[in-house]
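Trainee: Could we go through this model together, with the aromatic residues as the starting point and the reasoning spelled out at each step?

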Amino acid sequence: MPNLRTSVTLFLLLAVQLSFWTPGLSYEHLLTLNGYLAINFMSITMLLATRPGWLESPLGGLDRMYQLHKCTGILAVIFALAHWLIEMADDALEALFGTDRGLKEANFSGLLDSLQDGAEDLGEPGLYLLVFLVVITLIRWVPYGYWRYLHRVMPLIYLALAAHAVLLAPLQWWQQPIGWLMALLMVGGAIASLQSLTGQIGRSRRYKGLVQAVKRTSANITEVVCDMGNSWPGHRAGQFALVTFDRIEGAHPFSLSCADNTSGLLSFQIKALGDYTRKIPQQLHSGQAVTLEGPYGRFNLDSGRKNAQQIWVAGGIGITPFLAALESRLINAEQERPAVTLHYCTAGAANDPILTRVQQLTKKLPDIALHIHDSMQGQRLTANQLQIHNSKVDIWFCGPQGLAKALRSGLKQQAVSLRFHQEFLEFR
């Protein structure tokens, strides 16, 4: 479910496109409107897939950018399906609404006529492939490794559908703002497609290093330390990187569990949540090459409001960004920071290796109040246990979505000015 910022962005994107549209009711109006919106949203989807750094701040981080990418992709499919269904029902709709000859597709001759016929033939199979790829992305039945390669076909599908749009759009559009907007978006989408096909996306933010250590700290958590030498540009506590240990598997987002330092060593706490992460302890070894892309993320634990109560909530492996934040506070002890209450929810405190590290760090930080909630002992964190005592509250949350929903629901009953910060590291 998109958050408020993503929903507002989607509304604005739709409103801007419709502002160039001349209202009307005819078969051609219905057909071209849906085709226009479909190719525009496909173009925006392709542009967002390039991870443009300048959009991170206005959209709220790379996780929100990918959430918007998914939503624009779904809208593109919806409008493309509507365009196809309207074309299939052309006789009935023409009889019902009439026609508008000004919106007829361009009438070419010679080579352009042949290209136009080819573009028309590409439309239907391109739509089928587009729907297929979006459906398997949403239902997640295909393992990530296979899905990643299937998804790489998307730029080719986009280019085919863009050719369909260019050659079949009403000729008069290219002399009007509606055509200029569509052309601008398609140029951007075409450039993004070429970047994807040639492997250029994120290249300027990639850094190579070596795996220094792999340590299985518990049955389902592996600590991986990477030596990046002097190449890593630095990061802020709370950020993440797209990590590639295996080129065939591709990059996965993992939160950095260490503060920025001058050693070139970066650590990750990786939980076995899927097929790939379960294999990491067996397949990863010291000396193996690693590529990091980033840093990404706007989970800035130092961006709290002045005089607001600061609360950190970590659920399970969600403690990772807070480990980095605790280390950062120790390294930069001279900086003045507000007091924080840290709630750590764990499934078995007695056998939790990360808890020991958290306790070691918080003992050295008197401004951090640590509260442990052990689900094995029936200790479930609720909104009331957050002990809110201020009219302004900033909460940083990283953990299971179910816990986030429960806390958000409980916090609705609190008459406070609340900001609930949460990232969603799910990129498909």
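Trainee: How many aromatic pairs does a search of the whole structure find?

Mentor: The model is a predicted one, and a pair of aromatic rings is described by the distance of the centres and the angle of the planes. With ring centres required to lie within 6.5 Å, the search over the whole structure gives a count of ten aromatic pairs.

Trainee: Which kind of pair do the rings of Phe 299 and Phe 322 form?

Mentor: The ring centres of Phe 299 and Phe 322 are 5.9 Å apart, and their planes meet at 70 degrees. Since planes over 60 degrees apart fall into one class, the pair of Phe 299 and Phe 322 is edge-to-face.

Trainee: How many residues apart in sequence are the parts that this pair ties together?

Mentor: Phe 299 sits in the loop between β6 (289-296) and β7 (309-315), whereas Phe 322 belongs to helix α11 (residues 320-331). The pair therefore ties together parts whose separation in sequence is 23 residues.

Trainee: Is Phe 322 buried or exposed?

Mentor: The cut-off for burial is under 20% relative accessible area. Its partner Phe 299 has 5% relative accessibility and counts as buried. Phe 322 has 0% relative accessibility, so Phe 322 counts as buried.

Trainee: Which residues do ring pairs link into a cluster, and which of the residues with the most contacts inside the largest nonpolar core belong to that cluster?

Mentor: Ring pairs join Trp 21, Tyr 36 and Trp 173 into a cluster. The largest nonpolar core has 47 residues, and those with the most contacts inside it are Ile 39, Met 42, Tyr 36 and Trp 173. Among the contacts of Tyr 36, leaving aside neighbours within four places in sequence, are Trp 21 and Trp 173. The names found in both the cluster and that list are Tyr 36 and Trp 173.

Trainee: Which side chain of opposite charge is nearest to Asp 352, and how far away is it?

Mentor: Asp 352 lies in the loop between β8 (340-346) and α12 (353-363), and is buried yet has no salt bridge. A salt bridge would need a side-chain nitrogen within 4 Å of a carboxyl oxygen. The nearest side chain of opposite charge is Lys 271, at a distance of 9.3 Å.

Trainee: Which backbone nitrogen lies 3.0 Å from a polar atom of the side chain of Asp 352?

Mentor: Leaving aside neighbours within four places in sequence, Asp 352 is in contact with Tyr 344 and Thr 346. The backbone nitrogen that lies 3.0 Å from a polar atom of the Asp 352 side chain is that of Ile 354.

Technical notes. Residues are numbered from 1 along each chain as its sequence is written. This is a predicted model: local features need pLDDT of at least 70, side-chain atom pairs count only at pLDDT 80 or more; totals for chains, interfaces and linings use all residues. Side-chain values use heavy atoms; hydrogens and water are left out. Helices (H or I, at least four residues) and strands (E, at least two) are DSSP runs, numbered from the N terminus. Buried means under 20% relative accessible area, exposed over 50%, partly exposed in between (1.4 Å probe, protein chains only). Lys and Arg count as positive and Asp and Glu as negative; His and the chain ends are not counted. A polar contact is a pair of N or O atoms within 3.5 Å; within protein, one must be able to donate a hydrogen and the other to accept it, and residues adjacent in sequence count only if both atoms are side-chain atoms. Contact means heavy atoms within 4.5 Å. A nonpolar core is a set of buried Ala, Val, Leu, Ile, Met, Phe, Trp, Tyr and Cys residues joined through side-chain atoms within 4.5 Å. Rings of Phe, Tyr and Trp (its six-membered ring) pair if their centres lie within 6.5 Å; planes under 30 degrees apart count as stacked, over 60 as edge-to-face and the rest as tilted.
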